[in-house]
Amino acid sequence: MKTILSIQRLSKRYGKIQAIKDLSLKVEQGQIFGILGPNGSGKTTTLSILLDLIKSDQGSFEWFGEPAHYELRKRIGSVIESPNFYPYLSAATNLRLVAAIKESGADDIDRVLQLTGLEQRKDTKFKTFSFGMKQRLAIASALLGKPDVLILDEPTNGLDPQGIVQIRELIMMIAREGTTILLASHLLDEVQKICTHVAVLSKGIKLFDGKVSEVLAVSDSFELAGDDMEKLLKVIREHPAYQSHQVNNSFIQVYFKEKVLPGALNNWLFSQGVILSHLSERKRSLEQHFLELLQNNQ
Ligand code: ATP
(Lines give C-alpha, C1' and ligand atoms only; values in the text may rest on other atoms or scores of the structure.)
Protein backbone atom coordinates (compact mmCIF):
# COMPACT_ATOMS: atom_id res chain seq x y z
CA MET A 1 0.00 0.00 0.00
CA LYS A 2 1.24 3.48 -0.87
CA THR A 3 1.89 5.85 2.02
CA ILE A 4 0.31 9.22 1.32
CA LEU A 5 1.25 10.99 4.52
CA SER A 6 3.79 10.16 7.16
CA ILE A 7 4.14 12.28 10.31
CA GLN A 8 7.03 11.84 12.73
CA ARG A 9 6.94 13.23 16.27
CA LEU A 10 5.32 16.54 15.47
CA SER A 11 5.04 19.05 18.33
CA LYS A 12 3.64 22.57 18.50
CA ARG A 13 3.32 24.99 21.39
CA TYR A 14 1.46 28.30 21.62
CA GLY A 15 3.15 29.94 24.62
CA LYS A 16 2.17 27.77 27.58
CA ILE A 17 -0.27 25.65 25.61
CA GLN A 18 1.09 22.43 24.18
CA ALA A 19 -1.24 22.13 21.17
CA ILE A 20 0.27 18.86 19.89
CA LYS A 21 2.96 16.65 21.34
CA ASP A 22 5.06 13.95 19.68
CA LEU A 23 2.39 13.14 17.12
CA SER A 24 3.23 10.36 14.69
CA LEU A 25 0.79 9.05 12.09
CA LYS A 26 0.63 7.30 8.75
CA VAL A 27 -2.13 7.69 6.18
CA GLU A 28 -2.22 5.17 3.35
CA GLN A 29 -3.74 5.58 -0.09
CA GLY A 30 -7.50 5.06 -0.23
CA GLN A 31 -8.15 5.58 3.47
CA ILE A 32 -10.73 7.91 4.94
CA PHE A 33 -8.65 8.86 7.94
CA GLY A 34 -10.37 10.65 10.82
CA ILE A 35 -8.53 12.69 13.44
CA LEU A 36 -10.99 12.54 16.30
CA GLY A 37 -10.78 14.63 19.45
CA PRO A 38 -12.69 17.07 21.64
CA ASN A 39 -12.40 20.84 21.16
CA GLY A 40 -8.87 22.07 21.72
CA SER A 41 -7.25 18.65 21.23
CA GLY A 42 -5.00 19.90 18.43
CA LYS A 43 -6.81 18.80 15.27
CA THR A 44 -6.78 22.13 13.44
CA THR A 45 -3.20 22.78 14.52
CA THR A 46 -2.18 19.43 13.01
CA LEU A 47 -3.97 20.06 9.71
CA SER A 48 -2.57 23.62 9.53
CA ILE A 49 0.99 22.31 9.94
CA LEU A 50 0.41 19.69 7.24
CA LEU A 51 -0.80 22.43 4.89
CA ASP A 52 2.18 24.65 5.72
CA LEU A 53 -0.09 27.33 7.16
CA ILE A 54 1.86 27.23 10.42
CA LYS A 55 5.23 25.77 11.37
CA SER A 56 5.75 23.00 13.88
CA ASP A 57 8.32 23.39 16.67
CA GLN A 58 9.61 19.87 16.27
CA GLY A 59 9.14 16.82 14.13
CA SER A 60 8.63 16.34 10.42
CA PHE A 61 6.16 15.10 7.87
CA GLU A 62 6.23 13.85 4.31
CA TRP A 63 3.59 13.92 1.64
CA PHE A 64 3.88 11.15 -0.96
CA GLY A 65 7.26 10.21 0.51
CA GLU A 66 8.78 13.68 0.08
CA PRO A 67 9.21 16.68 2.37
CA ALA A 68 6.51 19.27 1.56
CA HIS A 69 7.20 21.57 -1.39
CA TYR A 70 5.11 23.78 -3.67
CA GLU A 71 4.53 21.23 -6.46
CA LEU A 72 3.32 18.63 -3.98
CA ARG A 73 0.73 21.07 -2.64
CA LYS A 74 -1.08 20.80 -5.99
CA ARG A 75 -1.85 17.19 -5.12
CA ILE A 76 -3.59 18.22 -1.89
CA GLY A 77 -7.06 19.82 -1.75
CA SER A 78 -8.31 21.29 1.51
CA VAL A 79 -11.27 22.92 3.20
CA ILE A 80 -10.03 24.27 6.50
CA GLU A 81 -12.17 27.33 7.13
CA SER A 82 -15.83 28.26 6.56
CA PRO A 83 -16.57 28.48 2.85
CA ASN A 84 -15.62 31.90 1.56
CA PHE A 85 -16.32 33.00 -2.00
CA TYR A 86 -17.33 36.21 -3.80
CA PRO A 87 -20.97 36.64 -2.67
CA TYR A 88 -22.27 38.34 -5.84
CA LEU A 89 -20.63 35.95 -8.28
CA SER A 90 -22.16 32.64 -9.34
CA ALA A 91 -20.86 29.27 -8.22
CA ALA A 92 -19.37 28.64 -11.68
CA THR A 93 -17.64 32.04 -11.83
CA ASN A 94 -16.20 31.57 -8.35
CA LEU A 95 -14.88 28.17 -9.43
CA ARG A 96 -13.42 29.69 -12.61
CA LEU A 97 -11.41 32.11 -10.47
CA VAL A 98 -10.05 29.27 -8.33
CA ALA A 99 -9.38 27.15 -11.43
CA ALA A 100 -7.34 29.99 -12.94
CA ILE A 101 -5.20 30.18 -9.79
CA LYS A 102 -4.81 26.41 -9.65
CA GLU A 103 -4.25 26.22 -13.43
CA SER A 104 -6.81 23.45 -13.78
CA GLY A 105 -8.82 23.36 -17.02
CA ALA A 106 -12.37 24.66 -17.59
CA ASP A 107 -13.83 21.14 -18.06
CA ASP A 108 -12.67 20.38 -14.55
CA ILE A 109 -15.27 22.91 -13.33
CA ASP A 110 -18.14 20.89 -14.82
CA ARG A 111 -16.68 17.73 -13.29
CA VAL A 112 -16.55 19.12 -9.74
CA LEU A 113 -19.98 20.79 -10.06
CA GLN A 114 -21.45 17.47 -11.09
CA LEU A 115 -19.62 15.53 -8.40
CA THR A 116 -20.90 17.85 -5.66
CA GLY A 117 -24.44 17.97 -7.09
CA LEU A 118 -24.29 21.69 -7.83
CA GLU A 119 -24.50 21.69 -11.63
CA GLN A 120 -28.17 22.81 -11.58
CA ARG A 121 -27.22 25.76 -9.40
CA LYS A 122 -23.98 26.74 -11.08
CA ASP A 123 -25.34 30.11 -12.27
CA THR A 124 -26.76 31.03 -8.87
CA LYS A 125 -25.02 33.71 -6.82
CA PHE A 126 -22.99 32.34 -3.92
CA LYS A 127 -24.75 34.60 -1.39
CA THR A 128 -28.10 32.85 -2.03
CA PHE A 129 -26.68 29.38 -1.30
CA SER A 130 -27.68 27.46 1.82
CA PHE A 131 -24.84 26.68 4.21
CA GLY A 132 -24.82 23.08 2.97
CA MET A 133 -24.46 24.25 -0.65
CA LYS A 134 -21.67 26.64 0.37
CA GLN A 135 -19.85 23.74 1.98
CA ARG A 136 -20.31 21.61 -1.14
CA LEU A 137 -18.97 24.46 -3.26
CA ALA A 138 -15.92 24.66 -0.98
CA ILE A 139 -15.36 20.94 -1.52
CA ALA A 140 -15.87 21.39 -5.28
CA SER A 141 -13.24 24.12 -5.24
CA ALA A 142 -10.82 21.90 -3.29
CA LEU A 143 -11.33 19.14 -5.86
CA LEU A 144 -10.28 21.32 -8.81
CA GLY A 145 -7.10 19.93 -10.30
CA LYS A 146 -7.98 16.39 -9.16
CA PRO A 147 -5.96 16.27 -5.93
CA ASP A 148 -4.83 12.89 -4.62
CA VAL A 149 -5.76 13.88 -1.08
CA LEU A 150 -8.60 15.93 0.34
CA ILE A 151 -8.24 17.50 3.80
CA LEU A 152 -11.39 18.56 5.61
CA ASP A 153 -11.67 20.26 9.00
CA GLU A 154 -15.01 19.55 10.72
CA PRO A 155 -16.80 19.10 7.38
CA THR A 156 -20.34 18.97 8.79
CA ASN A 157 -20.11 21.71 11.43
CA GLY A 158 -23.13 23.99 11.34
CA LEU A 159 -25.12 21.90 8.87
CA ASP A 160 -28.71 20.71 9.31
CA PRO A 161 -29.36 16.94 9.38
CA GLN A 162 -30.04 16.78 5.64
CA GLY A 163 -26.89 18.78 4.88
CA ILE A 164 -24.88 16.48 7.14
CA VAL A 165 -26.07 13.38 5.26
CA GLN A 166 -25.30 15.03 1.89
CA ILE A 167 -21.77 15.98 2.91
CA ARG A 168 -21.07 12.53 4.38
CA GLU A 169 -22.29 10.83 1.22
CA LEU A 170 -20.24 13.22 -0.87
CA ILE A 171 -17.08 12.45 1.13
CA MET A 172 -17.62 8.71 0.70
CA MET A 173 -18.25 9.16 -3.02
CA ILE A 174 -15.04 11.19 -3.42
CA ALA A 175 -13.17 8.42 -1.60
CA ARG A 176 -14.71 5.78 -3.89
CA GLU A 177 -13.38 7.76 -6.87
CA GLY A 178 -9.87 7.20 -5.51
CA THR A 179 -9.13 10.29 -3.41
CA THR A 180 -7.59 9.70 0.01
CA ILE A 181 -9.39 11.70 2.70
CA LEU A 182 -7.98 13.16 5.90
CA LEU A 183 -10.60 14.79 8.08
CA ALA A 184 -10.76 16.26 11.56
CA SER A 185 -13.91 15.88 13.62
CA HIS A 186 -15.08 16.05 17.21
CA LEU A 187 -18.06 13.89 16.27
CA LEU A 188 -17.70 10.21 17.06
CA ASP A 189 -20.75 9.37 15.07
CA GLU A 190 -19.28 11.02 12.00
CA VAL A 191 -16.00 9.15 12.23
CA GLN A 192 -17.82 5.90 12.92
CA LYS A 193 -20.07 6.38 9.89
CA ILE A 194 -17.59 7.44 7.25
CA CYS A 195 -13.97 6.81 8.26
CA THR A 196 -11.97 3.66 7.60
CA HIS A 197 -9.22 4.66 10.06
CA VAL A 198 -9.08 6.87 13.12
CA ALA A 199 -6.54 8.55 15.39
CA VAL A 200 -7.86 9.77 18.72
CA LEU A 201 -6.30 12.97 20.06
CA SER A 202 -6.63 14.40 23.55
CA LYS A 203 -4.74 17.50 24.70
CA GLY A 204 -2.45 17.17 21.71
CA ILE A 205 -1.49 13.58 22.43
CA LYS A 206 -2.43 10.62 20.27
CA LEU A 207 -4.19 8.06 22.44
CA PHE A 208 -4.95 5.49 19.81
CA ASP A 209 -4.94 4.87 16.09
CA GLY A 210 -6.17 2.03 13.96
CA LYS A 211 -8.92 0.73 11.76
CA VAL A 212 -12.42 1.84 12.72
CA SER A 213 -13.66 -1.68 11.92
CA GLU A 214 -11.14 -3.14 14.36
CA VAL A 215 -12.22 -0.81 17.11
CA LEU A 216 -15.79 -1.82 16.42
CA ALA A 217 -14.91 -5.48 16.10
CA VAL A 218 -14.02 -5.70 19.78
CA SER A 219 -17.07 -7.60 20.82
CA ASP A 220 -17.59 -7.17 24.51
CA SER A 221 -20.58 -9.29 25.19
CA PHE A 222 -23.40 -11.51 24.00
CA GLU A 223 -27.00 -11.72 25.07
CA LEU A 224 -27.95 -15.38 25.35
CA ALA A 225 -31.15 -17.23 26.15
CA GLY A 226 -32.19 -20.89 25.93
CA ASP A 227 -35.01 -23.14 27.05
CA ASP A 228 -32.91 -24.32 29.98
CA MET A 229 -31.43 -21.15 31.44
CA GLU A 230 -29.90 -22.94 34.41
CA LYS A 231 -27.94 -25.27 32.18
CA LEU A 232 -26.91 -22.37 29.94
CA LEU A 233 -25.58 -20.49 32.96
CA LYS A 234 -23.63 -23.51 34.20
CA VAL A 235 -22.15 -24.34 30.78
CA ILE A 236 -21.24 -20.81 29.73
CA ARG A 237 -18.97 -20.44 32.80
CA GLU A 238 -16.89 -23.28 31.37
CA HIS A 239 -16.24 -21.51 28.06
CA PRO A 240 -12.45 -20.99 27.68
CA ALA A 241 -12.89 -17.22 27.07
CA TYR A 242 -15.57 -16.66 29.75
CA GLN A 243 -14.98 -13.58 31.88
CA SER A 244 -18.21 -12.67 33.67
CA HIS A 245 -21.95 -12.53 33.28
CA GLN A 246 -25.10 -10.73 34.37
CA VAL A 247 -28.54 -12.25 34.56
CA ASN A 248 -31.22 -10.00 33.08
CA ASN A 249 -34.96 -10.61 32.83
CA SER A 250 -35.08 -12.91 29.85
CA PHE A 251 -31.43 -13.44 28.94
CA ILE A 252 -27.89 -13.71 30.25
CA GLN A 253 -25.34 -11.07 29.29
CA VAL A 254 -21.96 -12.76 28.97
CA TYR A 255 -18.61 -10.97 28.75
CA PHE A 256 -15.57 -12.64 27.21
CA LYS A 257 -11.85 -12.04 27.70
CA GLU A 258 -11.19 -12.16 23.99
CA LYS A 259 -12.98 -11.99 20.67
CA VAL A 260 -15.53 -14.75 20.26
CA LEU A 261 -17.45 -15.22 17.02
CA PRO A 262 -21.22 -15.72 17.35
CA GLY A 263 -21.27 -18.84 15.12
CA ALA A 264 -18.45 -20.45 17.06
CA LEU A 265 -20.18 -19.68 20.36
CA ASN A 266 -23.43 -21.20 19.16
CA ASN A 267 -21.63 -24.35 17.95
CA TRP A 268 -19.71 -24.68 21.19
CA LEU A 269 -22.85 -24.37 23.30
CA PHE A 270 -24.61 -26.90 21.05
CA SER A 271 -21.71 -29.33 21.51
CA GLN A 272 -22.23 -28.96 25.28
CA GLY A 273 -25.93 -29.79 24.92
CA VAL A 274 -27.30 -26.25 25.08
CA ILE A 275 -29.75 -25.09 22.42
CA LEU A 276 -30.08 -21.32 22.21
CA SER A 277 -33.33 -19.50 21.55
CA HIS A 278 -31.60 -16.11 21.43
CA LEU A 279 -28.07 -14.93 20.62
CA SER A 280 -27.24 -11.28 20.07
CA GLU A 281 -23.80 -9.71 19.87
CA ARG A 282 -23.31 -6.42 21.73
CA LYS A 283 -20.52 -4.47 20.09
CA ARG A 284 -18.68 -1.82 22.00
CA SER A 285 -19.19 1.42 20.14
CA LEU A 286 -16.38 3.73 19.16
CA GLU A 287 -18.00 6.16 21.57
CA GLN A 288 -17.47 3.87 24.56
CA HIS A 289 -13.91 3.21 23.44
CA PHE A 290 -13.28 6.93 22.92
CA LEU A 291 -14.68 7.87 26.31
CA GLU A 292 -12.60 5.17 28.01
CA LEU A 293 -9.47 6.48 26.28
CA LEU A 294 -10.22 10.06 27.30
CA GLN A 295 -10.97 9.03 30.89
CA ASN A 296 -7.67 7.22 31.14
CA ASN A 297 -5.92 10.39 29.96
CA GLN A 298 -7.48 12.72 32.57
P1 ATP B 1 -11.43 22.94 17.88
O2 ATP B 1 -12.28 21.82 17.41
O3 ATP B 1 -11.99 23.66 19.06
O4 ATP B 1 -10.93 23.86 16.80
P5 ATP B 1 -8.91 21.56 17.79
O6 ATP B 1 -8.85 20.14 18.23
O7 ATP B 1 -8.90 21.86 16.34
O8 ATP B 1 -10.12 22.25 18.50
P9 ATP B 1 -6.73 23.41 17.98
O10 ATP B 1 -7.56 24.50 17.37
O11 ATP B 1 -5.64 22.82 17.19
O12 ATP B 1 -7.67 22.25 18.49
O13 ATP B 1 -6.15 23.96 19.36
C14 ATP B 1 -5.28 23.23 20.21
C15 ATP B 1 -4.92 24.10 21.41
O16 ATP B 1 -4.10 25.17 20.97
C17 ATP B 1 -6.12 24.73 22.10
O18 ATP B 1 -5.87 24.77 23.47
C19 ATP B 1 -6.16 26.13 21.51
O20 ATP B 1 -6.76 27.03 22.42
C21 ATP B 1 -4.70 26.42 21.29
N22 ATP B 1 -4.49 27.33 20.14
C23 ATP B 1 -4.82 27.10 18.86
N24 ATP B 1 -4.45 28.13 18.06
C25 ATP B 1 -3.84 29.04 18.87
C26 ATP B 1 -3.21 30.30 18.64
N27 ATP B 1 -3.13 30.84 17.44
N28 ATP B 1 -2.70 30.94 19.72
C29 ATP B 1 -2.78 30.39 20.96
N30 ATP B 1 -3.35 29.20 21.24
C31 ATP B 1 -3.86 28.53 20.21
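How many salt bridges does the structure hold? In this predicted model, the structure holds 12 salt bridges. One of them joins lysine 43 to glutamate 154, with the closest N and O atoms 3.9 Å apart. This pair connects distant parts of the chain, since lysine 43 belongs to helix α1 whereas glutamate 154 lies in the loop between β7 (149-153) and α6 (161-176), 111 residues apart. Both lysine 43 and glutamate 154 are buried.

Salt bridges are also formed by residues with greater than 20% relative accessible area, the cut-off below which a residue counts as buried. The side chains of lysine 55 and aspartate 52 meet at 3.5 Å, N to O. Lysine 55 is exposed, because its relative accessible area is 59%, while aspartate 52, at 37%, is partly exposed. A further salt bridge, at 4.0 Å from N to O, is formed by the side chains of lysine 234 and glutamate 238. With a relative accessible area of 54%, lysine 234 is exposed; glutamate 238 has a value of 47% and therefore counts as partly exposed. In addition, Arg168, Asp189, Glu190 and Lys193 are linked in a network of salt bridges.

Lysine 43 and glutamate 154 also appear among the residues around the ligand, together with Tyr14, Ile17, Ala19, Pro38, Asn39, Gly40, Ser41, Gly42, Thr44 and Thr45. By class, this shell comprises four nonpolar, six polar and two charged residues. Oxygen atoms of the ligand are approached by both side-chain and backbone atoms of the protein. An N or O atom in the side chain of asparagine 39 is 3.3 Å from a ligand oxygen, and for the side chain of threonine 44 the corresponding distance is 2.7 Å. Serine 41 contributes a backbone N or O atom, located 3.0 Å from an oxygen atom of the ligand. Taken alone, the ligand exposes 630 Å², of which the protein buries 59%. The elements giving two or more residues to the shell are β2 (17-28) and α1 (43-50), and α1 gives the most, with three residues.

Elsewhere on the surface, Tyr86, Leu89 and Leu97 form a nonpolar patch whose accessible area is about 280 Å² together. Within this patch, leucine 97 is located in helix α3 (residues 91-102) and counts as partly exposed because its relative accessibility is 37%. Aspartate 110, in helix α4 (residues 107-115), is likewise partly exposed, with a relative accessible area of 44%. The C-alpha atoms of aspartate 110 and leucine 144 are 9.9 Å apart in space, although the two residues are separated by 34 residues in sequence.

Methods
Residues are numbered from 1 along each chain as its sequence is written. This is a predicted model: local features need pLDDT of at least 70, side-chain atom pairs count only at pLDDT 80 or more; totals for chains, interfaces and linings use all residues. Side-chain values use heavy atoms; hydrogens and water are left out. Patches are made of residues with over 30% relative accessible area and no salt bridge: like charges are joined within 9 Å, nonpolar side chains (Val, Leu, Ile, Met, Phe, Trp, Tyr) within 5 Å. Accessible areas come from the Shrake-Rupley method with a 1.4 Å probe; for residues, only the protein chains shown count as cover. Helices (H or I, at least four residues) and strands (E, at least two) are DSSP runs, numbered from the N terminus. Buried means under 20% relative accessible area, exposed over 50%, partly exposed in between (1.4 Å probe, protein chains only). A residue is near a molecule or strand if one of its heavy atoms lies within 4 Å of it. A polar contact is a pair of N or O atoms within 3.5 Å; within protein, one must be able to donate a hydrogen and the other to accept it, and residues adjacent in sequence count only if both atoms are side-chain atoms. Ala, Val, Leu, Ile, Met, Phe, Trp, Tyr, Cys and Pro count as nonpolar, Asp, Glu, Lys and Arg as charged, and the others, Gly among them, as polar.
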